[in-house]
Amino acid sequence: MSEEHRLDEPLHGLPITAIMESISKNRLGLVAAGAGFHLRHPELDYDAIDAVISSSEEYELYYGPSLEVQLKCTASPHVARLVRRGTISFSLERRAYDKLSKPNRFTPALLAVLLLPQVADPSEWVLQSENGLVSPGTLLWSDPRKWPPLPDGQRSGTVSLRPSDVLAPAALQGIMKSVGDGGEW
């Protein structure tokens, strides 16, 4: 393999999109496990849902609540655009935007976006050191219930991802507790 690797070419048999999908699912799994939850993957991505985070905890109102997750991953500054004070603008196709933001959803949903650094070689997204395995990049989340409805004819929606909305284990525990208690999150 040449020293220069184009990100649109397969690496070791996997296209870059498959590598990014695998890294983002594994990162979400680590966050869920760190929060004390488990991750399930639906067999089909029909309703814009890539994973389900489930609790086995008893909360004020519900036992074992779940969150459905649409998971995205990018290393492109053209896909995830910095707009102001660290806020990222991310476009989502209308079908996914509408399904995630339906006000009558039975199971709450969230959008999780893994922002990876631009690298020459995707192996730089998974690094082993004496401190353990590290994957650079930030996993941000957005609550689709707060998104405005899209006007007729608009083909995509723009979602704002704030730097304070890092999907870390403590944040995920707070979201799940709010869902389990029957409240707003």
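In what order do the five strands of the open sheet sit? The legends below start there, and they all describe a predicted model.

**View 1. The five-stranded open sheet, strand by strand.**
The order is 1-2-3-6-9, and the pairing is mixed. Strand 1 (38-40) and strand 9 (138-142) are the edge strands, each pairing on one side only. Going from one strand to the next, the twist averages 30°.

**View 2. Two helices against the five-stranded sheet.**
Start with the pairing at one edge: strand 1 and strand 2 (residues 51-54) run antiparallel and are joined by three bridges. Within that pair, leucine 39 stands opposite isoleucine 53 in strand 2. Now add helix 1 (residues 16-34), which packs on the sheet and touches strand 1, strand 2, strand 3 (66-74), strand 6 (109-115) and strand 9. The direction of helix 1 makes about 140° with that of strand 3. Helix 3 (residues 169-180) packs on this sheet too, touching strand 2, strand 3, strand 6 and strand 9. For helix 3, the angle with the direction of strand 3 is about 145°.

**View 3. Where helix 1 meets helix 3.**
The two helices also pack on each other: helix 1 and helix 3 do so at an angle of about 70°, and their axes are 8 Å apart. So helix 1 ends up roughly perpendicular to helix 3, since angles of 65 to 115 degrees fall in that class. As for handedness, helix 1 and helix 3 cross in the right-handed sense. Zoom in on the contact and you'll find Val31, Ala32 and Gly34 from helix 1 meeting Pro169, Leu172 and Gln173 from helix 3.

**View 4. The three-stranded open sheet.**
This sheet has the order 4-5-10, with antiparallel pairing. Strand 4 (80-84) and strand 10 (156-161) take the edges with a single partner strand each, so one side of each has no neighbour in the sheet. Ignoring direction, neighbouring strands here are turned by 35° against each other on average. Look closer at strand 4 and strand 5 (residues 87-93), and you'll see them pair over four bridges in the antiparallel sense. One facing pair to pick out is arginine 84, which stands opposite threonine 87 in strand 5.

**View 5. Salt bridges, with one partner buried in two of the pairs.**
Side chains of opposite charge can pair when their charged atoms come close. This structure holds six salt bridges, and three of them are worth a zoom here. Aspartate 143 and arginine 145 meet through their side chains at 2.8 Å, N to O. Is aspartate 143 buried or exposed? With a relative accessible area of 5%, aspartate 143 is buried, because the cut-off for that class is under 20%. Its partner, arginine 145, is partly exposed at 37%.

Arginine 162 and aspartate 165 make another side-chain salt bridge, also listed at 2.8 Å, N to O. Here arginine 162 counts as partly exposed, with 44% relative accessibility, while aspartate 165 counts as buried at 12%.

The third pair is lysine 177 with aspartate 181, whose closest N and O atoms are 2.4 Å apart. Lysine 177 counts as partly exposed, with a relative accessibility of 43%.

Note on methods: Residues numbered from 1 in each chain as written. Predicted model: local features only at pLDDT ≥ 70, side-chain atom pairs only at ≥ 80, totals over all residues. Heavy atoms only, no water. Pairing = 2+ DSSP bridges. Axes fitted to C-alpha atoms, helices over the stretch in contact; angles between N-to-C directions. Contact = heavy atoms within 4.5 Å. Salt bridge = Lys/Arg side-chain N within 4 Å of Asp/Glu carboxyl O. Buried < 20%, exposed > 50% of the residue type's maximum accessible area, 1.4 Å probe, protein only. Parallel < 35°, antiparallel > 145°, perpendicular 65-115°, else oblique. Left-handed = near helix turned anticlockwise from the far one by under 90°.
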